[in-house]
Amino acid sequence: MHINTGEGEGREPSTDSPATDPHGTATTTTASMKMASCTALLGLVLLGCLSDLAVAQRRASCGAYMMTGKTMTIACPRNYDPVCGTNGRTYPNECSLCRDFFRNRALDKKHDGRCVRIDCTGFLKPGSGYNIPCGVEYNPICGTNGVTYRNKCQFCTAVASGVEVNLQKYGQCFQQQQNYNIDCTQQKGGNTFCTSEYNPICGSDGRTYGNKCQFCNAVSRSAGALLFRHQGAC
């Protein structure tokens, strides 16, 4: 009896075997790898090109200006709505900051409002959708407008809202205690006729009012936002 122990022996290997085909599947696999590498490289290039814009769009909306294709000749409006740049410069509005951004991609908007002596990074004006809720901790900050803010968050929120204020000192404003010396409850409305008597009062807006009557008129027109800073001219 003859037992064949070499079954298949002598047969030619299949031409569609990936292990033995030097020009078929192996070539396709190499091409696929090259395409994947090119795709990944293209993705990295695009990411690198857009990364700076994405940084600025974190707070500053510069994308609309980029799409115009006129990055070096942006005509900005003259409205005064100050923003603070990460370079420590106060810009009259966001458009002016974006104009510099296209020259220096490392630039970003630090916060809304003027640059101040406290780090208010990330604070944007109310209604922007990125408001930072303030806690109740009491770490008072005295502003140059004579107002004591409960903490840094409340101070920076005021800055981002457009209040013309800067850091005067850490702690309470001592002169805020004198608020009780000015009683405007007896004066109704903001158009009371006032005499020309000169007994100056400095308001929290940094403006000097000629006398109590003029100050109380301003308090009424401000709906209570104006506070007494101190007696005498600012």
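# Briefing: salt bridges, a small sheet and a buried glycine

K125 is a good place to start: with a relative accessible area of 27%, K125 is partly exposed. The model you are looking at is predicted. Its chain has 234 residues, and 34% of them are buried. The notes below go from the whole chain to its salt bridges, then to one sheet and one strand residue.

**The chain as a whole**

- The chain contains 5 helices and 9 strands.
- Read from the N terminus, these elements follow one another as α-α-β-β-α-β-β-β-α-β-β-β-α-β.
- Among contacts with a separation of 6 or more, 52% come from residues 24 or more positions apart.
- About 15,000 Å² of the chain is accessible surface, and carbon and sulfur atoms hold 55% of that area.

**Salt bridges: D81 and K125**

- Side chains of opposite charge can pair when their charged atoms come close.
- In this chain the count of salt bridges is 7.
- One of them links D81 to K125, with 2.4 Å between the closest N and O atoms.
- What does this pair tie together? D81 sits in the loop between α2 (63-66) and β1 (83-85), while K125 sits in the loop between β3 (109-112) and β4 (141-143), so the salt bridge joins parts that are 44 residues apart in sequence.
- D81 has a relative accessible area of 32%. Because buried means under 20% and exposed means over 50%, D81 falls in between and is partly exposed.
- The value of 27% for K125 falls between those cut-offs too, so K125 is also classed as partly exposed.

**Salt bridges: K110, D119 and a network**

- K110 and D119 meet through their side chains in a salt bridge, at 3.7 Å from N to O.
- K110 is partly exposed at 24% relative accessibility, and D119 is partly exposed at 41%.
- Elsewhere, R89, D100 and R103 are joined into one network by salt bridges that share partners.
- Within that network, D100 pairs with R103, and their closest N and O atoms are 3.2 Å apart.
- R103 is partly exposed, with a relative accessible area of 48%.

**An open sheet of three strands**

- Strands of a sheet pair through backbone hydrogen bonds, either parallel or antiparallel.
- Here, 3 strands make an open sheet in the order β8-β7-β9, and their pairing is antiparallel.
- Which strands lie at the edges? They are β8 (208-209) and β9 (228-231), each of which pairs on one side only.
- Strand β7 covers residues 201-203 and pairs with β8 over 2 bridges, in the antiparallel sense.
- C202 stands opposite T208, a residue of β8.

**G85 and its surroundings**

- G85 belongs to strand β1.
- Is G85 buried or exposed? G85 counts as buried, with a relative accessibility of 0%.
- Which residues does G85 touch, once neighbours within four places in sequence are set aside? Its contacts are Y91, L97, L107, D108, K110 and C115.
- G85 and L97 are 12 residues apart in sequence, and their C-alpha atoms are 7.0 Å apart in space.
- K110 links this topic to the salt bridges: K110 is in contact with G85 and forms a salt bridge with D119.

Definitions and conventions:
Residues are numbered from 1 along each chain as its sequence is written. This is a predicted model: local features need pLDDT of at least 70, side-chain atom pairs count only at pLDDT 80 or more; totals for chains, interfaces and linings use all residues. Side-chain values use heavy atoms; hydrogens and water are left out. A salt bridge is a side-chain nitrogen of Lys or Arg within 4 Å of a carboxyl oxygen of Asp or Glu. Helices (H or I, at least four residues) and strands (E, at least two) are DSSP runs, numbered from the N terminus. Buried means under 20% relative accessible area, exposed over 50%, partly exposed in between (1.4 Å probe, protein chains only). Two strands pair if DSSP finds at least two bridges between them. Contact means heavy atoms within 4.5 Å. Accessible areas come from the Shrake-Rupley method with a 1.4 Å probe; for residues, only the protein chains shown count as cover.
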